[in-house]
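The exercises below are meant to be worked with the sequence and the coordinates open side by side. Try each task before reading the solution that follows.

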Amino acid sequence: MPYIVGLNSGSSFDGVDAVLCTIDIDQDGHPSRPKFVDALTVDWPDELRPLVIRAFDNQLSLFDMTRVNYAAGAVYAEATNKLLAKAGVKPEEVEVLGYDGQTVYQEPPDRQKIADYISSGSKSLVDLWTKGGFPCGFFIVESGVVAALTDITTVTQFLPVDHALGGSGAPLVHKTMAFDTGPGNVMLDHVIRARTGRSYDKDGEMAARGQIIEPLLAELQAHEFFQRKPPRSAWRLDFGSRYADDILERYASASTEDLLATLAMFTATSIERALVDFILPKTSVTKVVASGGGTRNTTLMRFLTERLATHGLKTCVSDEFGMPAAYKEAIKFATLAFAAKRGLANNIPAASGASSFAILGKLTLAPRLARGTENITSNDLFIDDGWAG
Ligand SMILES: Nc1ncnc2c1ncn2[C@@H]1O[C@H](COP(=O)(O)OP(=O)(O)O)[C@@H](O)[C@H]1O
Ligand SMILES: [Mg+2]
């Protein structure tokens with residue numbers, strides 16, 4: 001079975017998760033369930049971390065971003081090489097490596113504009129983005145660097161093709177739904193970092209000692225995000241450092257414990273609300289499977305379990321299904337990359353609203369695959385007119 005590598009750095013920006021798994025093609029022609037082989041997480045280097053954080057707030061120049069993009073590629077390449085050394089697997093045994101790239105900016109679709117564009121009968125493709133309100137995003141971690149420095153064929157940036165096909169617009173059928181419920185860990189991390197210097201509330205210990213600040217919880221729950229209908233994405237401009245800083249300023253006298261408890265309850269209630277508003281009216285659910293680093297925040301998980309139990313729902317963690325919670329996202333990108341490499345559809349139009357099935361992702365081939373090198377001699381000169389063009 002071919003080895004596949006998947007990497008991920010999510011909006012928590014806590015580190016780069018790298019996973020090695022094996023995936024094959026099943027009898028039905030679809031990718032098989034990935035088998036977990038090995039994994040590790042590397043920290044973002046201290047000199048890069050503040051630059052990427054600045055990029056999230058649009059505070060990094062394009063010139064600086066250019067260097068960060070390449071350096072981030074080197075971080076991913078190092079993580080991959082370290083993982084392969086640990087697992088005793090050679091690059092040539094790995095069929096493909098996949099990751100989505102660090103999202104620096106993401107603009108949601110403007111449904112009203114899309115509707116207006118469609119009714120205008122415009123045939124302009126350019127208008128889709130200049131006037132039509134189609135979604136767009138900017139993702140870093142240069143795949144040329146990753147493919148070159150690992151010598152592994154790399155697939156990245158799964159979203160742009162989906163965006164161009166109208167994904168995240170309004171899907172017509174709701175057989176499968178996929179959308180963001182709201183905040184995760186970012187504001188929790190930001191508050192504990194600002195107040196104590198620690199990067200996260202280990203096992204939710206501080207939050208466990210806090211009391212919910214009801215007026216703050218009510219204010220958080222009134223956020224504009226909750227007016228958006230699925231499919232929808234939440235990211236740092238919605239529930240990020242800036243919003244958390246604003247809360248820290250206005251609730252300066254509140255204890256860190258109380259703030260963390262309130263933010264954990266906010267995450268739990270927004271998951272509950274998404275289920276109640278969008279899922280339970282459509283289908284019956286008995287079990288909710290959680291994954292990601294937030295599952296280790298015991299207080300968050302306690303709040304979530306309690307809230308969901310009021311609707312008769314059982315909460316469990318994806319490890320129970322052989323999917324290590326901490327590496328689920330990285331495994332997902334390994335699977336998407338494998339499908340792309342094999343030319344298999346890897347989107348779900350019914351979930352994203354894309355107009356057709358497609359092969360999401362951009363492919364960069366491993367240098368070792370280069371052929372046609374036999375007849376090139378040092379006498380062959382490649383002449384061009386120089387950098388200035
Ligand atoms: N032991 C733990 N206790 C509490 N929170 C944790 C723990 N381990 C991880 N986390 C939380 O999970 C976050 C990382 O989760 P992750 O799934 O990697 O998110 P992302 O995909 O956004 O990077 C951390 O920033 C932290 O908030
Ligand atoms: Mg992470």
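## Exercises on the ligand site and a pocket

A backbone N or O atom of G293 comes to 2.8 Å from an oxygen atom of ligand 1, in what is a predicted model.

**Exercise 1.** Describe how the protein encloses ligand 1, and establish where ligand 1 lies with respect to the domains.

*Solution.* Begin with the extent of the contact: together with the G293 approach at 2.8 Å, the protein covers 88% of the 580 Å² of accessible area that ligand 1 has on its own. Next, list the neighbours, of which there are 17, with S12, D14, D189, D203 and G293 coming nearest. Then turn to further polar approaches to oxygen atoms of the ligand: S12 brings a polar side-chain atom to 2.7 Å, whereas G10 places a backbone N or O atom at 3.2 Å. Sorting the shell by class gives nine polar, seven charged and one nonpolar residue. Finally, assign the shell to domains: because domain 1 (3-172 + 327-369) and domain 2 (178-273) both contribute residues to it, ligand 1 lies between them.

**Exercise 2.** Characterise the second largest pocket by its volume, its lining and the elements that supply that lining.

*Solution.* The volume is about 170 Å³. In the lining one counts 15 residues, and those nearest the centre of the pocket are A55, N58, M65, V104 and Y105. Divided by class, the lining consists of 10 nonpolar, three polar and two charged residues. Tracing these residues to secondary structure shows that α1 (49-56), α2 (62-87) and β5 (102-107) each provide at least two of them. At the level of domains, domain 1 (3-172 + 327-369) and domain 2 (178-273) each give at least three residues to the lining.

**Exercise 3.** Examine the backbone at N58 and at the peptide bond between P230 and P231, and state in which loops N58 and P231 are found.

*Solution.* Take N58 first, already met among the residues nearest the centre of the second largest pocket: its phi is near 60 degrees, a positive value in a residue other than glycine, and N58 sits in the loop between α1 and α2. For the second site, read omega, which is about 0 degrees, so that P230 and P231 are joined by a cis peptide bond. P231 itself belongs to the loop that runs between α9 (214-221) and α10 (236-239).

How values were computed:
Residues numbered from 1 in each chain as written. Chains lettered and ligands numbered in written order. Predicted model: local features only at pLDDT ≥ 70, side-chain atom pairs only at ≥ 80, totals over all residues. Heavy atoms only, no water. Polar contact = N/O pair within 3.5 Å; in protein donor to acceptor, adjacent residues only side chain to side chain. Areas by Shrake-Rupley, 256 points an atom, 1.4 Å probe, with all protein chains shown as cover. Nonpolar A, V, L, I, M, F, W, Y, C, P; charged D, E, K, R; others polar. Domains from an automatic or database assignment. 1 Å grid on protein atoms, 1.4 Å probe; cavity = no way out; pocket = protein on both sides within 12 Å on 5 of 7 lines; lining within 4 Å. Points joined across faces, edges and corners; volume = space filled by probe spheres on them. Helix = DSSP H or I, 4+ residues; strand = E, 2+ residues; numbered from the N terminus.
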